[in-house]
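Q: Please take a close look at the interior of this chain and the residues around it. I would like one connected account, with the cut-offs behind each term.

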Amino acid sequence: MAIMAMGTVNKKALCWGLLVTSSSVFAGDWQVTPQVFIEENFTDNVSLVSNQEESSLVSQFGLNFDVNYLSQNSEFNFKSSNIYAMYSHDSDLNDDFLTLDTSGRFLLWPNGIALTASATVENQSRNRARNALADLVSGDTVQVENYSAGVEYRVDNSDFLVDFNTNYNLRATEDGIGERDGYSAQLLSYNGKAARNVFWHTNIGYSDIKNNDQDATQEKIELRLGWITPYKFNPFIRYYYEDNSGNIAGNNTYESNAYGVGFRWLAQPRLFVDVSYNKPEDDQFDIDGNEQKEYVNAEVNWQPTSRTQLVASYGERFFGKSYSLNIKHRNKRLTNDIKYSEEIESFTRNNYELLPQGAYWCPLEFVDITECYVQAGDDFNFDDYRLITLNDYEIIEDNSFTLNKVASWNSTLALARTTFTMTLNHRDKENLETRVSDRYATAGLLMSRKISGYSTLDLNVEYTEDNYNIDTDTERLDRYRRYTASYNRKLNRTLNAKLGLTHINRQSSEDSFNYEESRIYISVVKDF
């Protein structure tokens, strides 16, 4: 692993200690819900190949534990699953798995400092390029652990808001890829409605993370300070600073540094627009080596009701034009949440290296790589075969900065007996060193119908598209389609059962990765 074992244990112990402390100092309300469960999955293609499929019965049983605690000064949430899985086609794969999602918060005094801690354990796809939908049934997952402990301070009144937090963060992975540890801090402050002479907006972020001898430091500051006038136009000054540096990616530094003047237009009591003209400091260059030019920065903030809010911004950073969007809307039946952001990341599990599999003689209409092997001495007609080169992608350490443009739209329509949930996600990732881009997109539609007081029917359609090494000779496009139907039945007060069918279809520009899989599963959960 990339982090020393003893240091990891001590830092994890610190996080766990804060979690326990947050729930044990003062008396409060406890809710404890233990469960035992058993789940049987039958798959007709456990190897995920296009021919010579192998079926398997995957049996899972284990314990769920759900704990919630709440008092005047602290809260604690703990949710975990301990699972043991058995595979009929290969008992050597039998193994136990853990999932965990826990968080705690302890308020030292009202309207002041609080101690926070959280921990998650997930089983993710070991290599998304090999199988983006990997789970415990198909196998090839990796355990990823995230721990965080820190301090937060928040004051919110009619005069001002101050929201500050600082954390120590640790990620540990089963295969050692994407591990990191370090510190982060965030400060957000702006004036309240009672301000009469001065308004301001401050947003400061800092992080310093490491992986072995690699380190990455990120700093980001945006300040706006203005004068409140009797009119709808109020002048302000703006300062923006961003620096992404470290010894990763050849010690390259990606930065933006500008200052400017502008005005705030109070169009309505709940709508204002900030516009400023900004000049980069001398010797500032963008990612293409061009000198950064003056630019206009704008932000719209509109909150017509307590259930609706829109915040949108436009500006320029070292990579060019920059945008952000956050829309929230909620009424009695419909909820919408739309977001777009552009963030710089490092030490992720989204970096891949091309791995040539070799050149093979394959039939003209081959569907699986096993058809491409020609034994020595075999007689075959060259007119019936073609020579192709097969490639795969191997996950490797992400010791570089990447630009991630992320968009999401979550929408829920709740009718009397039926609920529709739509999710759309899109992410463009560009390696700032190699300038190679990947694209990931998902779409899902879930319909949940309450048939009776004891049963529900769920229908779910999902689409996933991954595009690697875009606009290069080694570009690959993977498309996944998954269809799921499940029936949930409450057998009695403490016993629940679920029966479901799933079909997955994968189509890839590398024909050897195409496959179809169908599953049928049943699970029974017992509450105590």
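A: Of the contacts in the chain with a separation of 6 or more, 55% join residues 24 or more positions apart, a contact being heavy atoms within 4.5 Å. The model is predicted, and local features accordingly need pLDDT of at least 70, side-chain atom pairs count only at pLDDT 80 or more, and totals for chains, interfaces and linings use all residues. Residues are numbered from 1 along each chain as its sequence is written, and side-chain values use heavy atoms, with hydrogens and water left out.

The chain holds one helix and 26 strands; these are DSSP runs numbered from the N terminus, with H or I and at least four residues for a helix, and E and at least two for a strand. Its C-alpha trace spans about 90 × 60 × 50 Å along the principal axes. Of its 528 residues, 40% count as buried, where buried means under 20% relative accessible area, exposed means over 50%, and partly exposed lies in between (1.4 Å probe, protein chains only). Carbon and sulfur atoms contribute 54% of an accessible surface of about 28,000 Å², computed by the Shrake-Rupley method with a 1.4 Å probe.

The part to look at most closely is the largest nonpolar core, which has 12 residues: Ile209, Ala216, Ile248, Tyr254, Ile287, Phe318, Phe319, Ile344, Phe347, Phe401, Leu403 and Leu432. Such a core is a set of buried Ala, Val, Leu, Ile, Met, Phe, Trp, Tyr and Cys residues joined through side-chain atoms within 4.5 Å. Leu432 is a useful place to enter this set: once its neighbours within four places in sequence are set aside, Leu432 is in contact with Tyr254, Ile287, Phe318, Ile344, Phe401, Thr402 and Leu403. Another core, of 10 residues, lies apart from that one, and includes Val67, Phe76, Phe78 and Val121.

Within the 12-residue core, Phe347 deserves separate attention. Phe347 sits in the loop between β17 (334-345) and β18 (352-363), yet its relative accessible area is 0%, so it is buried. Its phi is near 55°, a positive value in a residue other than glycine. Most residues other than glycine have a negative phi. Gln52 offers a second case, since its phi is also near 55°; its place is in the loop between β1 (29-43) and β2 (56-70), and Gln52 is exposed because its relative accessible area is 66%.

From the core we can turn to strand β20, which covers residues 402-414 and contains Ser411. Val406 is found in β20 as well, and counts as partly exposed because its relative accessibility is 30%. With residues within four places in sequence left aside, Val406 is in contact with Lys339, Tyr340, Ser341, His426 and Arg427, while its C-alpha lies 6.6 Å from that of Asp428, a residue 22 positions away in sequence. Ser411, by contrast, counts as buried because its relative accessibility is 13%. Beyond four places in sequence, Ser411 touches Leu334, Thr335, Asn336, Phe420, Thr421 and Met422, and its side chain makes a polar contact of 2.8 Å with the side chain of Asn336. A polar contact here is a pair of N or O atoms within 3.5 Å; within protein, one must be able to donate a hydrogen and the other to accept it, and residues adjacent in sequence count only if both atoms are side-chain atoms.

Two further serines on other strands can be read in this way. Ser125 lies in strand β5 (residues 113-125), and its 16% relative accessibility is why it counts as buried. A polar atom of the Ser125 side chain lies 2.6 Å from the backbone oxygen of Asn131, and the side chain of Ser125 also reaches the backbone oxygen of Asn127 at 3.4 Å. Not counting residues up to four places away in sequence, Ser125 touches Asn131, Ala132, Ala134, Asp140, Val142 and Arg349; its C-alpha is 8.4 Å from that of Gly139, which is 14 residues away along the chain. Ser455, in strand β23 (residues 455-468), is buried because its relative accessible area is 4%. The side chain of Ser455 makes a polar contact with that of Ser452 at 2.9 Å, and Ser455 touches Arg449, Lys450, Tyr487, Asn488 and Arg489 when residues up to four places away in sequence are not counted.
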